[in-house]
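Here are my notes for someone opening this one for the first time. Have the viewer ready and follow the points in order.

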Amino acid sequence: QPLEWDLTSDEPSVLIFHSHGTEAFLPGAGYTYEEEGGEYRTTDSAANMLRVGKEICDALNARGISAVHSTTLNDYPAYNGSYNRALKDIQSYVNKYPSIRLVIDVHRDAIASGGTYYKTSADIDGAQTAQLMFVTGTDAGGLSHDGWRDNLTFQAQLHDRLNSTYPGIMRPMSIRASRFNQHVRTGSMLLEVGACGNTLEEALAAARLFAHTLADTLLDE
């Protein structure tokens, strides 16, 4: 079913934030950081998920969609309680900018076995790109979340458009019992950009494709 979005050009319409902002990627040539808060985690905003969120935010703004980016590290110094702190982060932005319609929580996944870390990968026009995945929150865990089906509808439509435009870029959607703070705004989503075995460059490439596809969808292009 179609979902209507009232996007304004002068006030922010999209909030990008991070419940787990310290998540980072596989260190390599030209991409190093000091680990803080755990393996493949850092407070360095040039190396963690804040860098990926900035890429999405900048791309949306360049397309004429007003977006704001929270640089709060809700998982540092303590990982436990990060979603509770993230909820306060979201609410502070929504209170400041009631015009916000879409709320995007940008993460990276962790896929490991026996001490080996893996990446997600798609070949897009001959280039290796991280894969993307939507994690959909519901009310099955007992917390109120009346709009989760609308969120699911929007994410499924966006998932289909991304996979149709860039075959293989999407992993299967993950529908979960937890709500992941997606109850605050209809149009909320949790986006996994790659995994800890990916390079930052692969993650940024996927982030740009996501942002431009989201913009096409919102602008009905």
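1. Start with strands β1 and β3. β1 covers residues 14-17, and it pairs with β3 in the parallel sense over four bridges. If you want a spot to click on, take Leu 15, whose bridge partner in β3 is Val 103. Keep in mind throughout that this is a predicted model.

2. Now stay with β3 itself, residues 102-109. How many of its residues are buried? Eight of the eight are, and the strand is mostly covered. In general, side chains in a regular strand alternate between the two faces of the sheet. Here Leu 102, Ile 104, Val 106 and Arg 108 point one way, while Val 103, Asp 105, His 107 and Asp 109 point the other way. Both sets are buried, and the charged names among them, Asp 105 included, are no exception.

3. The next partner of β3 to look at is β10, residues 189-195. The two strands run parallel and are joined by five bridges. Two pairs help you line them up: Asp 105 stands opposite Leu 190, and His 107 stands opposite Glu 192.

4. Zoom out to the sheet. Six strands make it up, in the order β2-β1-β3-β10-β8-β9, and it is an open sheet with mixed pairing. At the edges sit β2 (67-69) and β9 (174-175), each of which pairs on one side only. Helix α1, residues 49-62, packs on this sheet and touches β1, β2, β3 and β10. Its direction makes about 165 degrees with that of β2.

5. There is another helix to find on these strands. Helix α3 (residues 148-165) lies across β3, β8, β9 and β10. Relative to β8, helix α3 runs at about 170 degrees.

6. On to β8, residues 132-136. Is this strand enclosed or open? Five of its five residues are buried, so β8 is largely enclosed by the rest of the structure. Leu 132, Phe 134 and Thr 136 point one way from the strand, and Met 133 and Val 135 point the other way.

7. The pairing of β8 is worth a look on both sides. With β10 it runs antiparallel, over four bridges, and Phe 134 has Leu 191 as its bridge partner there. With β9, β8 runs parallel, over two bridges. In that pairing Thr 136 stands opposite Ile 175.

8. A residue I'd point out is Phe 180, in the loop between β9 and β10. Why does Phe 180 count as buried? Its relative accessible area is 15%, and the cut-off for buried is under 20%, so Phe 180 qualifies. Leaving aside neighbours within four places in sequence, Phe 180 is in contact with Tyr 83, Val 135, Gly 137 and Leu 190. For a sense of distance, Glu 23 is 157 residues from Phe 180 in sequence and 17 Å from it in space, C-alpha to C-alpha.

9. Take the contact with Tyr 83 a step further. The count of aromatic pairs comes to four. In the pair of Tyr 83 and Phe 180, the ring centres are 5.5 Å apart and the planes are at 55 degrees, so the pair is tilted. Tyr 83 lies in helix α2 (residues 82-96) and Phe 180 in the loop between β9 and β10, so the pair ties together parts that are 97 residues apart in sequence. Tyr 83 itself, at 22% relative accessibility, counts as partly exposed.

10. Finally, the whole protein. It has four helices and ten strands, which run β-α-β-α-β-β-β-β-β-β-α-β-β-α from the N terminus on. The radius of gyration is 16 Å, close to the 17 Å from the globule rule for 221 residues, so the protein is as compact as a globular protein of that length. The C-alpha trace spans about 45 × 40 × 35 Å along its principal axes.

11. Some totals to finish on. Of the 221 residues, 52% count as buried. Among contacts with a separation of 6 or more, residues 24 or more positions apart account for 77%. The protein exposes about 9800 Å², and carbon and sulfur atoms supply 47% of that.

Definitions and conventions: Residues numbered from 1 in each chain as written. Predicted model: local features only at pLDDT ≥ 70, side-chain atom pairs only at ≥ 80, totals over all residues. Heavy atoms only, no water. Buried < 20%, exposed > 50% of the residue type's maximum accessible area, 1.4 Å probe, protein only. Pairing = 2+ DSSP bridges. Contact = heavy atoms within 4.5 Å. Axes fitted to C-alpha atoms, helices over the stretch in contact; angles between N-to-C directions. Phe/Tyr/Trp six-rings, centres within 6.5 Å; stacked < 30°, edge-to-face > 60°. Rg over C-alpha atoms; globule rule 2.2 N^0.38 Å. Areas by Shrake-Rupley, 256 points an atom, 1.4 Å probe, with all protein chains shown as cover.
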